[in-house]
Amino acid sequence: MATFETLLYEVSDGVATVTLNQPETRNALSAELLGELIAAFESARDDDEVRCVVLTSSHEKVFSSGANLAGFAADVPIVHRHFGTGRFPELFRLIGGLPKPTICAANGHVLAGALGIALACDLIIATEEAGFGTPEINVGAFPFMIMALIYRNVPRKKTTELLLLGDRIDAREAERIGIVNRVVAASEFDAAVSEWASKLASKSPVIMRLGKEAMFRQQDMAFEDALDYLRSQLSLAMTTEDIVEGVQAFFEKREPQWKGR
């Protein structure tokens, strides 16, 4: 099992749980934390025992406060800062292209760059107390690195409002505009996350992989290209043993026994 300095990582019943674990910094996205997040998701990707990944935080009120602002004022060559920001797109591509479903369990505020990480995940469950926002403009910065993710998940005018005003919205508003899938009371949060993670982990791993790859690749295709690509993926899925087992189990009124092939 991989060990980390800024994260906790554990696998149980097919679910890998990645926990941001630097409460003293409110899980600021330092270069070290981003590097370890990349390593953790790579471990989950390469582990056949993992069927689902949950990303959460050990802080009681904050999922992550976003980028480490101290790094903006650090006396380092500009080219080194440029290289350092490369971890963000690398992480976004890794999570988005992961062949396994991902859940962001937002048990606290999700701010700035952390909102991009949350939106890279397939699903977001939040507590009622969680807040969401892109406050960079308030400190003379701008959320360049997460803009592409926000505009692909949230209506354009609402995204522009978030980026330009820098205001924080509550979990219910985040759900209304499409950032969050589900909002639950703090007392129900762990059970809600566990329910969805267990449900996702119970699906056919090979069909889930084909489906996740199709979801990621077709999103920016032209419509006609997407139809052709998705038809080819359906034909590929129909060659698997799991699709046969799933149909047979349905008609026989029993739980399917996935073989992953």
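Q: How many of the 8 residues of H5 are buried?
A: In H5, 8 of the 8 residues are buried, so this helix is largely enclosed by the rest of the structure. The buried residues are Gly113, Ala114, Leu115, Gly116, Ile117, Ala118, Leu119 and Ala120. Buried denotes under 20% relative accessible area, exposed over 50%, and partly exposed the range in between, with a 1.4 Å probe and protein chains only. Helices (H or I, at least four residues) and strands (E, at least two) are DSSP runs numbered from the N terminus.

Q: On what kind of model do these values rest, and how are residues numbered?
A: This is a predicted model, in which local features need pLDDT of at least 70 and side-chain atom pairs count only at pLDDT 80 or more, while totals for chains, interfaces and linings use all residues. Residues are numbered from 1 along each chain as its sequence is written, and side-chain values use heavy atoms, with hydrogens and water left out.

Q: Where is Ala112, and what is its phi?
A: Most residues other than glycine have a negative phi. Ala112 lies in the loop between strand S6 (109-111) and H5, and its phi is near 55 degrees, a positive value in a residue other than glycine. Ala112 is buried, at a relative accessible area of 7%. Asn27, in the loop between S2 and helix H1 (31-46), also has a positive phi, near 55 degrees. The relative accessible area of Asn27 is 0%, so this residue is buried.

Q: What should the 16 residues of H1 span?
A: The expected span of a helix is 1.5 Å times one less than its number of residues. H1 should therefore span 22 Å, and its end C-alpha atoms are 23 Å apart, which agrees.

Q: Which residues of H1 are buried, and what do they pack against?
A: The buried residues are Leu33, Leu34, Glu36, Leu37, Ile38, Ala40, Phe41 and Ala44. They pack against strand S1 (7-12), S2, S3, H4, S5 and H5, where contact means heavy atoms within 4.5 Å.

Q: How is the burial pattern of H9 to be read: which residues are buried, and why do they line one face?
A: In H9, Phe189, Ala192, Val193, Ala197, Leu200 and Ala201 are buried. Seen down the helix axis, these buried residues fall within an arc of 155 degrees, so they line one face of H9; the arc is that of the directions from the axis to the C-beta atoms. The face turned away from the buried side carries the exposed residues Ser187 and Ala191. The cover over the buried residues of H9 includes strand S2 (15-20), strand S3 (52-57), strand S5 (102-106), strand S7 (123-127), strand S10 (182-184) and helix H10 (205-218). H9 itself (residues 186-201) has 16 residues and reaches 23 Å from its first C-alpha to its last, close to the expected 22 Å.

Q: Which residues far along the chain from Val180 and Leu29 lie how far away in space?
A: Val180 and Ile124 are 56 residues apart in sequence, and their C-alpha atoms are 5.1 Å apart. Val180 sits in the loop between helix H8 (171-176) and S10, and at 5% relative accessibility this residue counts as buried. Leaving aside neighbours within four places in sequence, Val180 is in contact with Ile124, Ala126, Phe132, Ala174 and Glu175. Leu29 belongs to the loop between S2 and H1 and, at 5% relative accessibility, counts as buried. Its C-alpha is separated by 5.6 Å from that of Gly66, 37 residues apart along the chain.

Q: How many aromatic pairs are there?
A: Rings of Phe, Tyr and Trp (its six-membered ring) pair if their centres lie within 6.5 Å; planes under 30 degrees apart count as stacked, over 60 as edge-to-face and the rest as tilted. By this rule the count is 4 aromatic pairs. The ring centres of Phe4 and Tyr9 are 6.1 Å apart and their planes are at 65 degrees, so that pair is edge-to-face. Both Phe4 and Tyr9 are buried. The rings of Phe142 and Phe144 have centres 5.4 Å apart and planes at 50 degrees, so this pair is tilted. Phe142, at 25% relative accessibility, counts as partly exposed, whereas Phe144, at 63%, counts as exposed.
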